[in-house]
Amino acid sequence: MENKPAKIAVLSGKGGTGKTLVSVNLAAVAGKSVYIDCDVEEPNGYLFFKPQVTREEDIMVKIPVINEILCNGCRKCVDFCKFNALALIKNKPYVFEEVCHSCGGCMLLCPEKAISEKEKLIGTVQKGVSNHVTVTTGILNTGQASGIPIIKKLLEESLSHEELPTFIDCPPGSACIVMESIKDADYCILVAEPTVFGVHNLNMVYDLVRLFKKPYGVVLNKCLNGKNPAEKFCMDKNIPILGKIPFHTELGTLNSDAKIAARESERFRALFTSLLETVMKEVRHETAVDSER
Amino acid sequence: MKIAIPVNEQSLESNVCPSFGRAPYFLFYDTVTKESYCLDNSAVASQGGAGIRAAQVIADHGVKALLTPRCGENAEKVLRKSEVLAYKSIPGTVQQNIDALIAEQLVLLSDFHPGFHGHGK
């Protein structure tokens, strides 16, 4: 069996369930590892790791520019654009920059060579280190519509660390931006809250990981004594439960002070170390099963 | 003058569709000849930019007035630059809305919502 270090994506159907708590703490107990913050609209993993930033790179996308002198209004570009980012107004194409997906198709297609491209800055990728963890953060500039080009860059960067276990902190929800974040993952951890609403959100990402045919398991966060609808959901659907994190004052306090629980408290180091072992066992099992398929 | 209205059914007795970009059909009406015809909205299944595509169709058909309950910012830009006026439709049938426009009882649409794709809030 090949023993390739895994890329593990941590996701949830809504914000605030504990994606960052789980991914940061797993990376912290994993020794030499990589943490990638793909929640580019509001990255917060760096607040815990406080990495020494070693490199920062601007992320640009390409946007078409129309030369109205060369353009003869044939509208081939407008009809071609499946994202509807171009409209023909008074016989000239008009570009909706926020709708453009930077595919470059219109430029290739234009028979009059009237379309060129300009670069547009949409955000940055920051790389740094915190103890044994390489911390990579994607930041989408305020007002920009899509963070997908930043996530592509983050995941491309991670290829240079393929020998290390990698933890991908995903954006919340189950939209395109999450699909992009889990695309290359070997395993998905779904973080769930013990409420009826939590079950609804868990169901969204549960559907997504099955659609992507990714192996998955659930971490039950904020666990209290008494009924846990998310746990019941997992039992009913036969979903592996990887671990439970208690709804605990000490954990909440450490977290709101932007401290990494596993680095501060013996109790939580033990909890996340044991969670990591369970996850890695699952990953190895899934890889073995997959190679038999 | 040519009018366009997003509709749920292909009839003058249809109600106005609450969505512009994602309406199933558009009804076109000529106030001079009193003739009307309907078209499938090709933008209805777009991943994004449905309003832009729908506004393009309206402009391409030489429409001067669009009657709609709501409209997005991007579609508004296409309409404005193409010199199509957007009027706020009233509850009731397509025919009632056409009559109201001719009687100068409709007002221009003044609030345009931001796009939904990727910001579904």
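How many salt bridges does the rule find across the interface of chain A and chain B? Two. Keep in mind that this is a predicted model, and let me walk you through that interface before we go inside chain A.

So, one of those salt bridges. The side chain of Arg75(A) meets the side chain of Asp60(B), with 2.9 Å from N to O. On top of the salt bridge count, the rule also gives us eight residue pairs in polar contact across the interface of chain A and chain B, with both partners at pLDDT 80 or more.

Which elements of chain A are doing the touching? α3, residues 76–80, and β4, residues 86–89, each supply at least two residues to the side of chain A that touches chain B. β4(A) gives the most there, with four residues. If you sort that side of chain A by residue type, you get ten nonpolar, one polar and five charged.

Now the bookkeeping. The contact takes 16 residues from chain A and 15 residues from chain B. Between them, chain A and chain B bury about 1,400 Å², and 48% of that is on carbon and sulfur atoms. In chain A, the residues that lose the most area to chain B are Asn84(A), Ile89(A) and Phe96(A), and together they make up 37% of what that side buries.

Okay, zooming out to chain A as a whole. The domain assignment splits chain A into domain 1, which is 7–59 + 122–292, and domain 2, which is 62–120. How far apart are the centres of domain 1 and domain 2 of chain A? Taken over C-alpha atoms, 38 Å.

Next stop, helix α1 of chain A, residues 19–29. Ten of its eleven residues are buried, so this helix is largely enclosed by the rest of the structure. The buried set includes Lys19(A), and also Thr20(A), Ser23(A) and Asn25(A). You'll also find Leu21(A), Leu26(A) and Ala27(A) in there. Just after α1(A), Gly31(A) takes a positive phi of about 75°.

Carry on along the chain and you get to Ser33(A), in strand β2, residues 33–37. Is Ser33(A) buried or exposed? It counts as buried, because its relative accessibility is 0%. Leaving aside neighbours within four places in sequence, Ser33(A) is in contact with Ala27(A), which is one of those buried α1(A) residues. The other contacts of Ser33(A) are His132(A), Val133(A), Thr134(A), Leu164(A), Pro165(A) and Phe167(A).

Another buried one is Leu220(A), which sits in strand β10 of chain A, residues 216–223. Leu220(A) counts as buried because its relative accessibility is 0%. What does Leu220(A) touch, not counting residues up to four places away in sequence? The list is Ala192(A), Asn228(A), Ala230(A), Glu231(A), Ile241(A), Gly243(A), Lys244(A) and Ile245(A). Take Ala230(A) from that list: Leu220(A) and Ala230(A) are ten residues apart in sequence and 7.2 Å apart in space, C-alpha to C-alpha.

Last one, Lys153(A), in helix α5 of chain A, residues 148–158. The side chain of Lys153(A) makes a polar contact at 3.3 Å with the side chain of Glu57(A). Not counting residues up to four places away in sequence, Lys153(A) touches Ile59(A) and Val125(A) as well as Glu57(A).

That's my tour. If you want somewhere to start clicking around, try Arg75(A) and Asp60(B), the salt bridge pair.

Methods. Residues numbered from 1 in each chain as written. Chains lettered and ligands numbered in written order. Predicted model: local features only at pLDDT ≥ 70, side-chain atom pairs only at ≥ 80, totals over all residues. Heavy atoms only, no water. Contact = heavy atoms within 4.5 Å. Buried area = accessible area lost by both parts, 1.4 Å probe. Salt bridge = Lys/Arg side-chain N within 4 Å of Asp/Glu carboxyl O. Polar contact = N/O pair within 3.5 Å; in protein donor to acceptor, adjacent residues only side chain to side chain. Nonpolar A, V, L, I, M, F, W, Y, C, P; charged D, E, K, R; others polar. Domains from an automatic or database assignment. Buried < 20%, exposed > 50% of the residue type's maximum accessible area, 1.4 Å probe, protein only.
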